[in-house]
Amino acid sequence: MKILVTGGAGYIGSHAVVELHQAGYQPVIIDDFSNSEESALAGIEAILGVAVPLYRIDCADEAALRSVFAAEPDIAGVIHFAAFKAVGESVQKPLAYFQNNVGSLLTLLAVMKEFGVENLVFSSSCTVYGIPDALPVTEATPTKPASSPYGRTKQMCEDLIRDVSAAPDNTLHTILLRYFNPIGAHASAKIGELPLGVPNNLVPFITQTAAGMREKLTIYGNDYDTPDGTNVRDYIHVVDLAKAHVVAVQRLLDRKASEPVETFNVGTGHGNTVLEVVQAFEQASGQKLNYSIGPRRPGDVPAIYADATKAEQVLGFKTETSLVDSLASAWKWQQTL
Ligand code: UFG
């Protein structure tokens with residue numbers, strides 16, 4: 001079964017390509033390398049022992065996308081990772097985020113329809129919940145105003161898919177996966193996260209600090225209403241997250257979905273504070289981390305973590321990797337860079 005993976009050279013995409021192939025699927029990658037590196041392809045090949053077909057195109061380029069579907073006539077489904085993902089940058093360049101994230105989905109849906117491809121797994125985010133009233137969040141937790149244009153693009157894409165799927169002649173079947181915070185790297189350390197420039201995200205900042213590339217980590221606030229005052233997030237190992245895509249694809253292909261659009265939280269079900277992550281990293285790496293407490297980062301949600309019950313009961317999906325092991329894999333990867 002051939003699965004088109006947009007953004008397949010990116011952080012989560014590259015891990016999903018590996019898991020898909022190892023589960024017996026034939027992944028085909030689309031990537032424009034705007035926020036990914038060629039080296040990810042070499043890493044994938046080193047793990048799998050074969051090269052995965054790649055089309056170097058922008059997913060929002062309709063003619064180019066059509067040519068991929070024409071060249072690959074038997075695509076069974078699409079996993080759409082390709083998107084911009086930096087929260088802060090989205091505040092600076094909102095138009096680029098709407099054009100890229102919403103535009104590429106619109107283009108993809110039109111081309112999928114034209115070629116009769118009916119199965120889609122979409123990369124959504126826990127950011128759609130905004131600042132939730134109660135924790136943990138379930139899939140039924142109401143979405144709140146997003147704290148950034150990036151978050152808004154994910155809400156818009158979800159809405160767009162629901163509207164398209166409500167049409168009387170709809171044939172699209174979609175699983176929306178709402179990711180919590182992906183961290184870590186493949187156990188082989190041949191693929192992992194490759195942040196461009198100074199990392200925005202916590203774990204690459206931590207590993208770069210431990211590697212001596214950054215002087216210290218600044219923790220963005222310790223005066224939140226959380227156990228130790230720092231933000232709470234649900235950190236999921238990227239390989240666990242990648243496996244959720246394989247399960248979702250299988251469910252779509254088996255026509256087991258109960259409705260045209262199904263939504264699943266993909267997290268561990270546990271929240272950890274930033275300080276707990278720092279401590280877990282120190283345990284995983286055997287090193288002390290240089291950090292200090294700074295001011296709050298605008299737009300940060302005080303606390304969010306998943307209720308992972310639905311994914312477990314309906315998809316049979318459960319995360320396997322502990323926080324310490326996830327951080328150990330991130331550290332192992334960092335040391336190869
Ligand atoms: N943090 C620090 N110092 C840093 C970086 C992060 O203290 O240098 C803290 C943040 O304040 C936050 C936690 O670490 O409490 C995690 O921050 P990340 O930036 O790693 O991730 P976010 O929780 O902010 O997640 C957001 C969106 C996701 C999106 C993700 C990727 O909510 O949807 O960024 O950019 F996928």
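This report walks through a predicted protein model, from its central sheet to its helices, a few single residues and its cysteines.

The model is predicted, so local features need pLDDT of at least 70 and side-chain atom pairs count only at pLDDT 80 or more, while totals for chains, interfaces and linings use all residues. Residues are numbered from 1 along each chain as its sequence is written, and side-chain values use heavy atoms, with hydrogens and water left out.

## The sheet

Let us begin with the strands. Helices (H or I, at least four residues) and strands (E, at least two) are DSSP runs, numbered from the N terminus. Two strands pair if DSSP finds at least two bridges between them. Strands of a sheet pair through backbone hydrogen bonds, either parallel or antiparallel.

In this model, seven strands make an open sheet with parallel pairing, in the order S3-S2-S1-S4-S5-S6-S11. Which strands stand at the edges? They are S3 (54–55) and S11 (261–266), each with a single partner strand, so one side of each has no neighbour in the sheet.

Follow the order towards S11 and you meet S5 (residues 119–125) and S6 (residues 173–179), a parallel pair with seven bridges. Here Val121 stands opposite Ile175 in S6. S6 also runs parallel to S11, joined to it by six bridges, and Arg178 has Asn265 of S11 as its bridge partner.

Is S11 enclosed or open to the outside? Six of its six residues are buried, so S11 is largely enclosed by the rest of the structure. Buried means under 20% relative accessible area, exposed means over 50%, and partly exposed lies in between (1.4 Å probe, protein chains only). In a regular strand the side chains alternate between the two faces of the sheet. In S11, Val261, Thr263 and Asn265 point one way, whereas Glu262, Phe264 and Val266 point the other way.

## Helices around the sheet

Helix H6 (residues 149–165) lies across S5, S6 and S11, and runs at about 150 degrees to S5. For such angles, axes are lines fitted to C-alpha atoms, for helices over the stretch in contact, and the angles run from 0 to 180 degrees between N-to-C directions. Contact means heavy atoms within 4.5 Å.

Helix H3 (residues 62–71) has Ala64, Leu65, Val68 and Phe69 as its buried residues. Seen down the axis of H3, these fall within an arc of 140 degrees, so they line one face of the helix. The arc is that of the directions from the helix axis to the C-beta atoms. Among the elements covering the buried residues are S1 (2–6), S2 (26–30), S3, S4 (75–80) and H5. On the other side of H3, Ala63 and Ala70 are exposed. At the start of H3, a side-chain oxygen of Asp61 comes to within 3.3 Å of the backbone nitrogen of Ala63.

Helix H2 (39–48) has Ala40, Leu41, Gly43, Ile44, Ile47 and Leu48 as its buried residues. Down the axis of H2, they fall within an arc of 160 degrees, so they too line one face. Their cover includes helix H1 (11–22), S2 and S3. After H2 comes Gly49, with a positive phi near 80 degrees.

## Single residues to find

The table sets out three places to look.

| Residue | Place | Relative accessible area |
|---|---|---|
| Glu37 | loop between S2 and H2 | 34%, partly exposed |
| Asn101 | helix H5 (residues 94–114) | 3%, buried |
| Gly299 | loop between S13 (291–294) and H10 (309–315) | 45%, partly exposed |

Leaving aside neighbours within four places in sequence, Glu37 is in contact with Ala9, Leu194 and Leu196. Glu37 and Leu194 are 157 residues apart along the chain, and their C-alpha atoms are separated by 7.7 Å.

With neighbours within four places in sequence again left aside, Asn101 touches Ala83, Phe84, Tyr150, Thr153 and Cys157. The side chain of Asn101 also makes a polar contact with that of Asn100 (3.3 Å). A polar contact is a pair of N or O atoms within 3.5 Å; within protein, one must be able to donate a hydrogen and the other to accept it, and residues adjacent in sequence count only if both atoms are side-chain atoms.

## The cysteines

How many disulfides does the whole structure hold? A search finds zero, where a disulfide is a pair of cysteine sulfur atoms within 2.5 Å. The sulfur of Cys59 is 11 Å from the closest cysteine sulfur, in Cys157, which is too far for a bond. For Cys126, the nearest cysteine sulfur is also that of Cys157, 16 Å away. Cys59 is buried at 4% relative accessibility, and Cys126 is buried at 9%.
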